[in-house]
Amino acid sequence: MADFTFWIVVGLTLGSAFMVVQSKNLLYSAYALLFSFMGVTGLYVFLWADFIAVVQVVVYVGGILILIIFGIMLTNKITSVNISHTSVQKGIGTLAVLGIATLLAYMVFSTPWIELANVEQEETTASIGRLLMMDYLLPFEAASLLLLGALIGATTLSRKED
Amino acid sequence: MDSLTNYLVVSVVLFSLGLFGVITRRNGVAVLMGVELILNSANLNFLAFARFGGMNMAGHVFALFVIVLAAAEAAVALAIIINIFNNFQTINVDEVSDLKQ
């Protein structure tokens with residue numbers, strides 16, 4: 001049963017991701033991105049990453065996707081022009097991407113990965129908090145500075161000049 | 001489902017689809033969506049290696065940092081895209097190659 005659910009989630013993720021890059025309508029792409037994000041969240045749950053799964057829903061679906069839809073609404077005249085968008089250089093793009101995908105898949109299948117047996121599932125939130133406050137304190141503070149910088153930068157860039 | 005290769009293959013396909021979006025889409029927002037797909041595939045790799053390497057929590061912390069960077073990147077990129085739209089009345093990335101109007 002879990003196996004079946006896993007493949008359903010994989011199909012949802014990859015099918016929606018395909019819709020994102022193929023759809024002719026920009027809004028359809030954005031909504032397909034929502035389902036792709038939710039599918040990836042499901043995969044995180046399968047990987048026992050409960051905290052990251054919740055963060056993914058809050059930040060990606062609740063934040064980034066809303067930002068993207070705002071971006072679409074602000075850069076298209078909804079009433080007059082249809083929100084369509086096209087792709088260019090599909091042939092050569094497909095060739096290049098297929099080449100890279102083949103290379104990566106060959107790497108995945110030819111490398112003898114070490115998989116530890118009998119890994120115990122554990123709660124992740126406490127260990128993540130401990131790591132953030134001890135081993136990764138400097139990157140944590142740098143990330144907060146970066147977020148502040150991005151906040152100020154985005155406001156400065158997008159407001160009207162007086 | 002309990003095999004590392006399954007997750008790595010899903011991640012490879014997700015990365016390839018995102019890359020395809022980045023190099024073929026004309027609309028700037030659609031290019032941004034491709035970047036988000038690529039970041040998601042990288043995160044999937046981090047968490048898969050964390051899970052099959054004996055619940056190594058460093059992978060989770062790195063996935064958290066990737067999500068933070070993605071949020072910052074989306075905010076700044078959309079501000080830039082809105083500026084481009086105000087200057088050129090289009091956000092097709094192949095039409096905005098002028099440095100000066």
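**Exercise 1. Describe how helix 6 of chain A is placed against helix 3 of chain B, and state which class of residue fills their contact.**

Solution. In this predicted model, the axes of helix 6 (residues 137–158) of chain A and helix 3 of chain B come within 9 Å, crossing at roughly 15°. Angles under 35 degrees count as roughly parallel, so helix 6 of chain A is roughly parallel to helix 3 of chain B. The crossing of these two helices is left-handed.

The next step is to see which residues meet. From helix 6 of chain A come, among others, Pro139(A), Ala143(A), Leu146(A), Leu147(A) and Ala150(A), while the residues on helix 3 of chain B include Phe65(B), Val68(B), Ala72(B), Ala75(B) and Val76(B). Sorted by class, this contact of helix 6 of chain A with helix 3 of chain B has 15 nonpolar, three polar and no charged residues.

**Exercise 2. Work out which helices of chain B supply the side that touches chain A, and which of them gives the largest share.**

Solution. Begin with the whole contact, which takes 59 residues from chain B and 69 residues from chain A. On the side of chain B that touches chain A, helix 1 (4–24), helix 2 (28–52) and helix 3 (57–88) of chain B each supply at least two residues. The largest share of that side, 22 residues, comes from helix 3 of chain B. By class, the side of chain B that touches chain A has 43 nonpolar, 11 polar and five charged residues.

**Exercise 3. Decide whether chain A is a compact globule or more spread out than one.**

Solution. Chain A has six helices and zero strands, and its pattern along the sequence reads α-α-α-α-α-α. The radius of gyration of chain A is 20 Å, whereas the globule rule gives 15 Å for 162 residues; the value for chain A is well over that, so chain A is more spread out than a compact globule. Along its principal axes, the C-alpha trace of chain A spans about 60 × 40 × 30 Å. Buried residues make up 23% of the 162 residues in chain A.

**Exercise 4. Locate Leu26(A) and determine whether Leu26(A) is buried or exposed.**

Solution. Leu26(A) lies in helix 2 (residues 26–46) of chain A. A residue is buried if 20 or more other C-beta atoms lie within 10 Å of its own; Leu26(A) has 22 within that distance, and is therefore buried. As a last step, consider Thr86(A), which is 60 residues from Leu26(A) in sequence but 9.2 Å away in space, C-alpha to C-alpha.

Definitions and conventions: Residues numbered from 1 in each chain as written. Chains lettered and ligands numbered in written order. Predicted model: local features only at pLDDT ≥ 70, side-chain atom pairs only at ≥ 80, totals over all residues. Contact = placed C-beta atoms within 7 Å. Helix = DSSP H or I, 4+ residues; strand = E, 2+ residues; numbered from the N terminus. Nonpolar A, V, L, I, M, F, W, Y, C, P; charged D, E, K, R; others polar. Rg over C-alpha atoms; globule rule 2.2 N^0.38 Å. Buried ≥ 20, exposed ≤ 12 C-beta atoms within 10 Å, placed from the backbone. Axes fitted to C-alpha atoms, helices over the stretch in contact; angles between N-to-C directions. Parallel < 35°, antiparallel > 145°, perpendicular 65-115°, else oblique. Left-handed = near helix turned anticlockwise from the far one by under 90°.
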